[in-house]
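Biologist: I would be grateful for a close look at a single part of this structure. Please take the structure shown here as the basis for the discussion.

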Amino acid sequence: SGVSVLDSDVLTKLTQQATMEKYHALSPREKDIAELVAEGLSNKEIAQQLYITEGTVRNTITIILDKLEIRDRTQLAIQYWKRKSE
């Protein structure tokens, strides 16, 4: 019926662990871009810093969001900093 039988703290820990495992599946370039997104850089700034096109940045961010199963760059930044603090 969609009801969780796990304590909310346990469920949170499990979902965070799953996200961490997904993060490790990112390529080194995807991790670089995720870090720069988390630092608040725009696609244009990321492209300039990594010497790639804005289109490549945009496409890579889409791939990262799909791999991590999150919906936007704000969530990406939050997940990145949560991972860094653990």
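Is tryptophan 81 buried, partly exposed or exposed, and what is its relative accessibility? Please describe its surroundings in a connected account.

Modeller: The model is a predicted one, with an average pLDDT of 85 over the chain and 77% of the residues scoring at least 70. Tryptophan 81 has a relative accessibility of 42%, so it counts as partly exposed, because the buried class ends at 20% and the exposed class begins over 50%. Tyrosine 80, by contrast, is buried, at a relative accessible area of 4%.

The whole structure contains two aromatic pairs. In one of them, tyrosine 80 and tryptophan 81 meet edge-to-face, with 5.0 Å from centre to centre and 85 degrees between the planes. Ring pairs join Tyr80 and Trp81 with Tyr23 in a cluster. Tyr23 falls within the range of helix α1 (residues 8-24), where confidence is lowest in the chain, at a mean of 63.

Tyr80 and Trp81 also take part in a helix contact. The axes of helix α2 (residues 28-38) and helix α5 (residues 73-85) approach within 8 Å and cross at roughly 100 degrees, which means that α2 is roughly perpendicular to α5. On the α5 side, Arg73, Leu76, Ala77, Tyr80 and Trp81 make the contact, while α2 contributes Ala34, Glu35, Val37 and Ala38. By class, the contact of α2 with α5 comprises seven nonpolar and two charged residues, with no polar ones.

Arg73 has a further partner: asparagine 43 touches Arg73, as well as Glu54, Val57, Arg58 and Ile61, residues up to four places away in sequence not being counted. Asparagine 43 lies in helix α3 (residues 43-50) and is buried, at 16% relative accessibility. Confidence in the chain is highest in α3, at 98.

How values were computed: Residues numbered from 1 in each chain as written. Predicted model: local features only at pLDDT ≥ 70, side-chain atom pairs only at ≥ 80, totals over all residues. Heavy atoms only, no water. Helix = DSSP H or I, 4+ residues; strand = E, 2+ residues; numbered from the N terminus. Buried < 20%, exposed > 50% of the residue type's maximum accessible area, 1.4 Å probe, protein only. Contact = heavy atoms within 4.5 Å. Axes fitted to C-alpha atoms, helices over the stretch in contact; angles between N-to-C directions. Parallel < 35°, antiparallel > 145°, perpendicular 65-115°, else oblique. Nonpolar A, V, L, I, M, F, W, Y, C, P; charged D, E, K, R; others polar. pLDDT = per-residue confidence, 0-100. Phe/Tyr/Trp six-rings, centres within 6.5 Å; stacked < 30°, edge-to-face > 60°.
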